[in-house]
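Reader: I should like a close look at a single part of this model. Please take one helix and set out its geometry, its burial and its packing in a connected account.

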Amino acid sequence: MTTPAIEMVDGLPIFSAIEPASIKPAIEKAIAACKSEIEEVVASKDYSYKNLVLRLEEVDDRLSKMFSPVSHMNSVVSSDELREALSLIHISEPTRLRRIS
């Protein structure tokens, strides 16, 4: 199984390989990883800089590196499929993210 281009966050984004159908599942997977990391940090009760800030910053950075190219593509090469994928994320995620904060 190949990794969708949207999940390849090391280096520059491969815009031409990002498929609208892979956006929502990939973003949801990254958000689930963020939530899991938060739960692990809270459960560990180790609120040191290394365990709290660095760990959360790492998963947040991954999510940001996945979403930023999609947002950029929507501005530059918007399509019905891309707008649909983004609308599904925007509708479903604010409630989920509110739970984290």
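Author: The account below concerns helix α1 and its surroundings.

The model is predicted: local features are given only where pLDDT is at least 70, side-chain atom pairs count only at pLDDT 80 or more, and totals for chains, interfaces and linings use all residues. Residues are numbered from 1 along each chain as its sequence is written, and side-chain values use heavy atoms, with hydrogens and water left out.

The protein chain has three helices and zero strands, and from the N terminus on its elements run α-α-α. Helices (H or I, at least four residues) and strands (E, at least two) are DSSP runs, numbered from the N terminus. The chain averages a pLDDT of 84, and 87% of the residues score at least 70; pLDDT is the predictor's confidence in each residue, from 0 to 100. Among the elements, α1 has the highest mean pLDDT (91) and α3 the lowest (67). Over residues 95-101 pLDDT stays under 50. Where pLDDT is low, the predicted coordinates should not be read in detail.

Helix α1 has 25 residues and reaches 37 Å from its first C-alpha to its last, close to the 36 Å expected at 1.5 Å a residue. The expected span is 1.5 Å times one less than the number of residues. Buried in α1 are Ser22, Ile23, Ala26, Ile27, Ala30, Ile31, Cys34, Lys35, Glu37 and Val41. Here buried means under 20% relative accessible area, exposed over 50%, and partly exposed in between (1.4 Å probe, protein chains only). An α-helix has 3.6 residues a turn, so residues three or four places apart point the same way.

The axes of α1 and α2 come within 10 Å and cross at roughly 170 degrees; the two helices are therefore roughly antiparallel to each other. The contact involves, among others, Ile23, Ala26, Ile27 and Ala30 of α1 and Leu56, Val59, Leu63 and Met66 of α2. Axes are lines fitted to C-alpha atoms, for helices over the stretch in contact, and angles run from 0 to 180 degrees between N-to-C directions. Angles under 35 degrees count as roughly parallel, over 145 as roughly antiparallel, 65 to 115 as roughly perpendicular and the rest as oblique.

Leu63, which lies in helix α2, counts as buried at 14% relative accessibility. Leaving aside its neighbours within four places in sequence, Leu63 is in contact (heavy atoms within 4.5 Å) with Ile27, Ala30, Ile31 and Cys34. The C-alpha atoms of Leu63 and Glu28 are separated by 9.4 Å, although these residues are 35 apart along the chain.

The largest nonpolar core has 19 residues, and Ile6, Ile23, Ile27 and Met66 have the most contacts inside it. α1 (20-44), α2 (49-76) and α3 (80-100) each supply at least two residues of this core, and the largest share, six residues, comes from α1. A nonpolar core is a set of buried Ala, Val, Leu, Ile, Met, Phe, Trp, Tyr and Cys residues joined through side-chain atoms within 4.5 Å. Not counting residues up to four places away in sequence, Ile6 touches Ile18, Ser22, Ile23, Ala26, Ile27, Met66 and Val70.

Just after α1, Lys45 takes a positive phi of about 60 degrees, although Lys45 is not a glycine. Most residues other than glycine have a negative phi. Lys45 lies in the loop between α1 and α2 and is exposed, with a relative accessible area of 64%.
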